[in-house]
Amino acid sequence: MTLIEKSSKAVKKKCILVTGGAGFIGANFILNWILERDDQVVNLDKLTYAGNLQNLEKIEASNRYVFVKGDICDSGAIEKYLQQYQPFAIVHFAAESHVDRSIHSPEDFVRTNVLGTFTLLEVARNYWLNLDAKRKTEFRFLHVSTDEVYGSLDSDATSFTETTAYAPNSPYAASKAAADHLVRSYFKTYGLPTLTTHCGNNFGSFQFPEKLIPLVILNAQEGRQIPIYGDGSNVRDWIYVEDHCAGIRTVLESGVPGDVYNIGAGNERSNLEVVQTICDILDECLENAYISKHRSLIQFIKDRPGHDQRYSINSQKIENELGWRAKWNFEDGLYETVRWYLQNQEWVNNIKNGSYLKWLEKNYTEREV
Ligand code: NAD
Ligand code: DAU
């Protein structure tokens with residue numbers, strides 16, 4: 001089936017427009033949405049290196065799912081799809097998402113994350129203004145942001161709340177912060193019913209293996225070096241992707257327009273702890289591997305410039321006001337994730353056959369200690 005045929009499927013029910021739905025979190029969100037809700041989904045994605053339609057294979061034939069190839073910087077295309085599908089909400093995931101890539105090529109991040117979000121907001125505002133009163137009240141623009149906009153915490157500092165001052169340290173974080181401010185301004189100035197969520201490090205199925213957890217699983221499985229930046233003491237606050245997606249659904253359906261919600265699962269772990277836990281799971285799952293102790297593959301390499309030391313999320317607001325709570329414990333989620341990568345070799349190989357290997361070579365050659 002060609003992309004054009006896919007986009008010509010009729011959407012008659014109530015529908016949401018998801019941007020960046022072929023990426024890691026967007027794909028999980030759409031798969032869960034189709035399971036949990038009756039509304040239809042239109043997935044608008046540019047299919048950059050991180051977009052992979054194989055992530056959505058399971059629902060490809062569903063008459064509740066439509067894919068359209070498009071760039072969030074292209075106002076004409078977005079306008080056309082909003083008019084065609086008349087969504088009651090936009091859930092905005094599309095972004096350049098990898099911090100290391102933002103250090104190599106910050107321009108792409110400003111283009112998609114800042115200019116793209118601005119373009120989407122502007123087209124959404126015009127669309128929303130022309131809806132009838134009932135649909136205008138119902139409409140939501142949900143912007144998926146990150147905890148990285150709050151900067152880095154010392155080990156004894158209190159967790160990020162929704163009112164923590166912004167202090168982004170990487171071009172990625174700065175571009176997301178700029179997008180957040182634009183979203184806020186569209187609520188304050190024009191009354192567009194926006195919602196913003198800030199989440200920490202996600203993990204789970206379909207994550208592109210440039211990110212720590214899948215990178216470690218795949219390197220270790222092949223008996224290759226496991227690169228840890230610096231001394232491995234940097235702390236991230238991890239969340240299983242299904243919990244994040246459930247949090248976004250909750251905010252979309254019950255959040256107060258104009259409000260901001262942090263989404264976290266209380267799983268602070270140092271990078272070294274995370275890597276060692278993956279190695280131990282692999283020791284158990286790969287009994288016949290030629291390496292019995294995967295921890296022996298760990299190598300400490302040159303640190304990431306501007307590397308944030310610690311993230312920690314306070315999610316009391318979403319828990320107390322909207323009743324959402326993470327369900328997965330970190331170790332169970334990690335076990336599930338390792339199993340998923342081991343069992344989905346075809347997905348992995350398809351990524352490895354692309355330009356991904358060139359990126360790995362570039363990033364890690366420059367980082368040798
Ligand atoms: P990802 O890199 O896996 O996927 C991004 C998707 O956006 C891809 O499908 C890509 O093709 C698409 N895209 C990129 N540029 C586009 C453009 N100009 N127009 C249309 N589509 C475009 O990202 P992810 O990890 O799934 O993250 C999704 C969102 O969640 C991002 O906004 C990210 O900042 C945010 N977030 C991610 C995490 C995390 O741990 N991964 C945590 C908190 C927030
Ligand atoms: O906190 C939320 C953010 O989490 C999201 O907004 C980003 O989109 C997402 O990419 C993620 O950013 P991080 O930089 O924290 O994720 P990454 O997986 O790249 O790195 C996690 C930690 O592991 C970080 O401290 C850097 C370290 N690291 C990473 C890689 C790829 C290593 O030590 N070695 C590596 O090879």
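**Contacts around two ligands and a helix pair**

Tutor: Let's start with ligand 2 of this predicted model: one of its oxygen atoms is 2.6 Å from an N or O atom in the side chain of Tyr 172. Residues are numbered from 1 along each chain as its sequence is written, while chains are lettered from A and ligands numbered from 1 in the order in which they are written. Local features need pLDDT of at least 70, side-chain atom pairs count only at pLDDT 80 or more, totals for chains, interfaces and linings use all residues, and side-chain values use heavy atoms, with hydrogens and water left out.

Student: Why is the pair at Tyr 172 called a polar contact?

Tutor: The term means a pair of N or O atoms within 3.5 Å (within protein, one must be able to donate a hydrogen and the other to accept it, and residues adjacent in sequence count only if both atoms are side-chain atoms). At 2.6 Å, the Tyr 172 pair meets the cut-off, so it is a polar contact. Glu 148 also offers a side-chain N or O atom, 2.8 Å from an oxygen atom of ligand 2.

Student: How do you know how much of ligand 2 the protein buries?

Tutor: Accessible areas come from the Shrake-Rupley method with a 1.4 Å probe (for residues, only the protein chains shown count as cover). Ligand 2 taken alone exposes 690 Å², and the protein buries 95% of that.

Student: Which residues are the closest of those that surround ligand 2?

Tutor: They are Asp 147, Tyr 172, Arg 304, His 307 and Tyr 364, from 23 residues in total. A residue is near a molecule or strand if one of its heavy atoms lies within 4 Å of it.

Student: And ligand 1, what makes Asp 45 a polar contact there?

Tutor: An N or O atom in the Asp 45 side chain is 2.5 Å from an oxygen atom of ligand 1, and that falls inside the cut-off, so the pair qualifies. Of ligand 1's 840 Å² when taken alone, the protein buries 97%.

Student: What describes the packing of helix 3 and helix 5?

Tutor: Helix 3 (residues 75-85) and helix 5 (residues 106-129) meet at an angle of about 35°, with axes 10 Å apart. Helices here are DSSP runs (H or I, at least four residues; strands are E, at least two), numbered from the N terminus. Axes are lines fitted to C-alpha atoms, for helices over the stretch in contact, and angles run from 0 to 180 degrees between N-to-C directions.
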